[in-house]
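Please go through the model below with me, one question at a time.

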Amino acid sequence: MSTTENPRFNPAGKGVLSFGELLLRICPDANGDWLQTNQLPVYVGGAELNVASALALWDVSSAYLTAIPDNMLSRQLIGYIEARKVNADRISLQGKRMGIYYLTAGEDVKHAGVIYDRAHSAFAELQPGAINWPEVFKGISWFHFSAICPALSENVVAVCAEALQYASENGIFISLDLNYRAKLWQYGKQPIAIMPQLARYVDLIMGNVWAAELMLGTPLAADLKARDTEQGYLEQAEITSKAIISLFPKCKVVANTYRFDFMESGIKYHTTLYADEQFYRSAVYSTPDYVDKVGSGDCFMAGLIYGHFQGHNDQQILDFATAAAFNKLFVASDATSTKTAEIYASIKKT
């Protein structure tokens, strides 16, 4: 794949640091057969670890920062992460428990049936002042986090603010995924009271038009779902993107995803990107079947980062990220295992 210089970001031979909670996803079957077989599939994940794993697979220098207890299970997990070429040296061993969630096989984390068991986890109890940010950011040119982090506790909000301030002051490019998980915001604050103060540090914001309205206060057409047209969704993505850049002047790039799940016809997926006053759209991907919805958005985010490290132009960045996310639907795990050559070969043109 040929590249063209993208002046927005210069990796300068450095890497990406992803910050978030490591999670174990436990997948009971819908019929309850696991009660008879005594078997439950378990996947290692967490939105930011999924990004870190994809980047490492695609040969981008990738590090991961989280907090997990100091025990045998954690040491096994660190070995698992390192085996995937993700640098785990920054992981903090502290606290008493690890985050877990339960999700029926085939569903995604937006499903009403998701069950979280994350209260008082090691990550949720991180405290401001505890992390040595100058040390953590050595060799890092890009910092990634998601809105799941500040959803967990007010002290994690303060930790995020520390990281963002240091990264911004030291010229580190910052990306934010507007993951909205209604069941996580339980400490008395709504996202709109928290996220704008964090988003002001960010260079690239990725999400969807509904999450942007809830978290950042951007306008959303009341009849968008009723109209249900591709052109309507594209117009809304452009409106949302321009509003984000107006509200948060440091932001240079806004990406939006549209994934529609249909009981009878499967999944339809397409995306947009807005940068330098130009609006880009992807091809529309569709499939009647899929394997695992979890992590497709994380894979899209990783694709955006990868494209910047490769020096791709904005259309190339969007095309790769979209194809990567779509391919993730056919991988049974939280993180992708699809390599770049296969992703490039699967890119559809608009």
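The turns below cover the whole chain, its cores, a helix, some salt bridges and a few surface residues.

Student: What kind of model is this, and how are residues numbered?
Tutor: This is a predicted model, in which local features need pLDDT of at least 70 and side-chain atom pairs count only at pLDDT 80 or more, while totals for chains, interfaces and linings use all residues. Side-chain values use heavy atoms, with hydrogens and water left out, and residues are numbered from 1 along each chain as its sequence is written.

Student: How many helices and strands does the protein chain have, and what is its radius of gyration?
Tutor: Helices (H or I, at least four residues) and strands (E, at least two) are DSSP runs, numbered from the N terminus. The secondary structure of the protein chain comes to 13 helices and 15 strands. The globule rule (2.2 Å times the number of residues to the power 0.38, with the radius taken over C-alpha atoms) gives 20 Å for 350 residues, and the chain is close to that, so it is as compact as a globular protein of that length, with a radius of gyration of 19 Å.

Student: What percentage of the residues in the protein chain is buried?
Tutor: Buried means under 20% relative accessible area, exposed means over 50%, and partly exposed is in between (1.4 Å probe, protein chains only). Of the 350 residues in the protein chain, the buried ones make up 55%.

Student: Among contacts between residues at least 6 apart in sequence, what percentage joins residues at least 24 apart?
Tutor: Contact means heavy atoms within 4.5 Å. Among the contacts in the protein chain between residues at least 6 apart, the share joining residues at least 24 apart is 71%.

Student: Which residues have the most contacts inside the largest nonpolar core?
Tutor: A nonpolar core is a set of buried Ala, Val, Leu, Ile, Met, Phe, Trp, Tyr and Cys residues joined through side-chain atoms within 4.5 Å. The largest one has 56 residues, and its largest share, 7 residues, comes from helix H6 (residues 154-169). Another core, of 38 residues, lies apart from it and includes Trp-142 and Tyr-306. In the largest core, the residues with the most contacts are Phe-19, Phe-143 and Phe-145.

Student: Which residues does Phe-143 contact, leaving aside its neighbours within four places in sequence?
Tutor: With those neighbours set aside, one partner of Phe-143 is Phe-19, which is also among the residues with the most contacts inside the largest core. The full set for Phe-143 is Leu-17, Phe-19, Phe-137, Ala-163, Leu-164, Ile-172, Phe-173, Ile-174 and Ser-175.

Student: How many of the 11 residues of helix H2 are buried?
Tutor: Helix H2 covers residues 47-57, and its buried residues include Glu-48, Asn-50 and Ser-53. H2 is largely enclosed by the rest of the structure, because the number of its residues that are buried is 10.

Student: How far apart in sequence are the parts tied together by Arg-118 and Glu-21?
Tutor: A salt bridge is a side-chain nitrogen of Lys or Arg within 4 Å of a carboxyl oxygen of Asp or Glu; the side chains of Arg-118 and Glu-21 meet in one at 2.9 Å, N to O. Arg-118 lies in the loop between strand E8 (115-117) and helix H4 (133-136) and Glu-21 in the loop between strand E1 (15-19) and strand E2 (23-26), so the pair ties together parts separated by 97 residues.

Student: In the salt bridge of Asp-203 and Lys-250, what is the relative accessibility of Asp-203?
Tutor: The side chains of Asp-203 and Lys-250 meet at 2.9 Å, N to O. Lys-250 is partly exposed, with a relative accessible area of 25%. Asp-203 counts as buried, at a relative accessibility of 3%.

Student: Is Asp-319, which forms a salt bridge with Lys-349, buried or exposed?
Tutor: The closest N and O atoms of Lys-349 and Asp-319 are 3.8 Å apart. Lys-349 is exposed, with a relative accessible area of 63%. At 8% relative accessibility, Asp-319 counts as buried.

Student: Which residues are linked with Asp-276 in a network of salt bridges?
Tutor: Asp-276 is in the loop between strand E13 (266-275) and strand E14 (278-281) and counts as exposed at 57% relative accessibility. Its phi is near 50°, a positive value in a residue other than glycine. Its partners in the network are Arg-8 and Asp-314.
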